[in-house]
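Trainee: Please take a close look at one part of this model, the ligand site with its metals. I would like the contacts, the coordination and the cut-offs behind them.

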Amino acid sequence: MTALTLSTAAVPGLRADAIVIGVAKGSAAKPAGPIVAPGAEAVDQAYDGKLAGVLETLGASGAEGEVTKLPAPAGFKAPLVVAVGLGAQPGKDSGYDTEALRKAAGAAARALAGAKKAAFALPLTEAADAGAVAEGVVLGAYSFDAYKDNGGSAKNGRNGKAPLAEAALLGGKPRDKAYKAAVERATAVAEELNRARDLINMPPNDLNPEAFAAIAQAAAKEHGLKVQVLDEKALAKGGYGGILGVGAGSASGPRLVKLSYTSSKARKHLALVGKGITYDSGGISLKPAGHNETMKCDMSGAAAVFAAVVAAARLGLEVNVTGWLALAENMPSGSATRPGDVLRMFSGKTVEVLNTDAEGRLVLADALWAASQEKPDAIVDVATLTGAMVLALGNRTFGIMANDDAFRSAVHEAAEEAGEPAWQMPLPEHLRKGMDSPTADIANMGERMGGGLVAGLFLREFVGEGITWAHLDIAGPAFNDGGPFGYTPKGGTGSGVRTLVRLAERAAAGDLS
Ligand code: BES
Ligand code: MN
Ligand code: ZN
């Protein structure tokens, strides 16, 4: 992954493949051309103060995500200047928005695939800005090439080019503790998020529940976490009917992984639960072609939880974080659960399975109940749970539901602080009766309208009495079918990771609502 340093080097003499600068959109009051952002003064001077005009000639407007490449001025050691759009200029007394910086850094890092070293001269006004740029660089430079024909030596990724190897952040304060801490934090979070992306992008013939559990065990060893893996036998002994029922059709058996990070200074305990369907074919209620090509992404929730627990450990947060990965492959076969079957869940409740494609709520129900037994201060589950949430919120925003209004707001705030688009959704009581079953305590399907909320209401039934809980439905943003944008690549995005890390940080500060 891209190596980062804070540097005070002067731009003209800097040895690098490129200098990245920021361009903002002109305001309506002035002629509306692009405006060179602070940090690019040396480059502008070398262009005799005419850089804005040069950029305008090249078609630059300063719009977010826009990348304009131009030759570096004479006398510069670096051959290339990359001007990246920051969007609107900030108000007089404030710096650029951290998310604009993160996106710009990401777009530039991606455009620099194939380069060895780039210097980022973006406008930094405080430590958090340096953190945002660092995060954007590491996330934007990401590429998944483990399955390219070169065997993953990273030469063949992204149009045959390796990701940017090294980035120097200019304009910060390398000796300032806050700057250093912000860059270190950003690097740790972004690296773990990239590992979540790797898991999501891994083909499902290689990443089955057993393989995922083994990866979690290896990471636990590396980071000093406690790990416990329940295999089919242990799940049967423990009565985990939901996870077993979903995994019953697959040749690769299900797993429940518990990953614990503990701090001696912890005052709070946060439990994270992730949906880990390594492939969702729909089961006997088989998905049609056109709906199954990207269903390797159905373990994105578990990947996010996994990454967040490891990140919490790397950051040494003063909070206890327990991750629960509910892993199964949802396949049709002679041993698969049928529509009409009744499962006895870990909580003791019975569920009539009306649609085997509503499998996420079944594995989550058992994991939520397991997490509840430890009486954590809060539980947050993350899941690619419903197509309905994608219809409601689109491809970039996840939905937040909760059994507590204040906690739902806190999770939303954490998402905003992290730069993840999210929106609060209700759990309307009247939708519960649609899941009444003539045979069992509850059915795994209800009304079609409001399907994302119905799924949330189902999950709520498996949260222990009195425990604060929130549910993130990341079905929209988890996987990017389209082209890359900002710091988001094609494929697995790592949606949810940064929100969970922010929440863990808030919990460490004793602030969970
Ligand atoms: N994994 C899917 C949801 C999904 C859809 C994730 C699109 C990512 C993109 C989930 O298991 C599912 O199939 N849900 C069904 C539930 C229905 C049968 C009640 C759905 O949303 O159609
Ligand atoms: Mn499904
Ligand atoms: Zn699913």
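Mentor: What follows goes from the organic ligand to the two metal ions.

This is a predicted model, in which local features need pLDDT of at least 70, side-chain atom pairs count only at pLDDT 80 or more, and totals for chains, interfaces and linings use all residues. Residues are numbered from 1 along each chain as written, chains are lettered from A and ligands numbered from 1 in the order written, and side-chain values use heavy atoms, without hydrogens and water.

Ligand 1 is surrounded by 16 residues, where near means that a heavy atom of the residue lies within 4 Å. The closest are Lys287, Asp298, Asp357, Glu359 and Gly387. By class, the shell holds seven charged, five nonpolar and four polar residues; Asp, Glu, Lys and Arg count as charged, Ala, Val, Leu, Ile, Met, Phe, Trp, Tyr, Cys and Pro as nonpolar, and the others, Gly among them, as polar.

Polar contacts are pairs of N or O atoms within 3.5 Å. A nitrogen atom of ligand 1 lies 2.9 Å from a polar side-chain atom of Asp298, and an oxygen atom of ligand 1 is 3.2 Å from a side-chain N or O atom of Lys275. Of the 520 Å² of accessible area that ligand 1 has on its own, the protein covers 76% (Shrake-Rupley method, 1.4 Å probe).

Metal donors are N, O and S atoms within 2.8 Å of the metal, or 3.2 Å for Na, K and Ca; water is not among the atoms, so sites may look incomplete. The manganese ion (ligand 2) is coordinated at 2.0 to 2.2 Å by Asp280 (OD), Asp357 (O), Asp357 (OD) and Glu359 (OE). Its six donor atoms subtend angles of 70 to 169°, so the arrangement is irregular. Six donors count as octahedral if opposite donors are over 155 degrees apart and all others between 65 and 115; four have their own classes, and anything else is irregular.

The zinc ion (ligand 3) has Lys275 (NZ), Asp280 (OD), Asp298 (OD) and Glu359 (OE) as protein donors, 2.0 to 2.4 Å away. The zinc site is octahedral, with angles of 78 to 174° among six donor atoms. Asp280 bridges the zinc and manganese ions, which are 3.1 Å apart.

Notes
Polar contact = N/O pair within 3.5 Å; in protein donor to acceptor, adjacent residues only side chain to side chain. Tetrahedral: all angles 85-135°; square planar, octahedral: opposite > 155°, others 65-115°.
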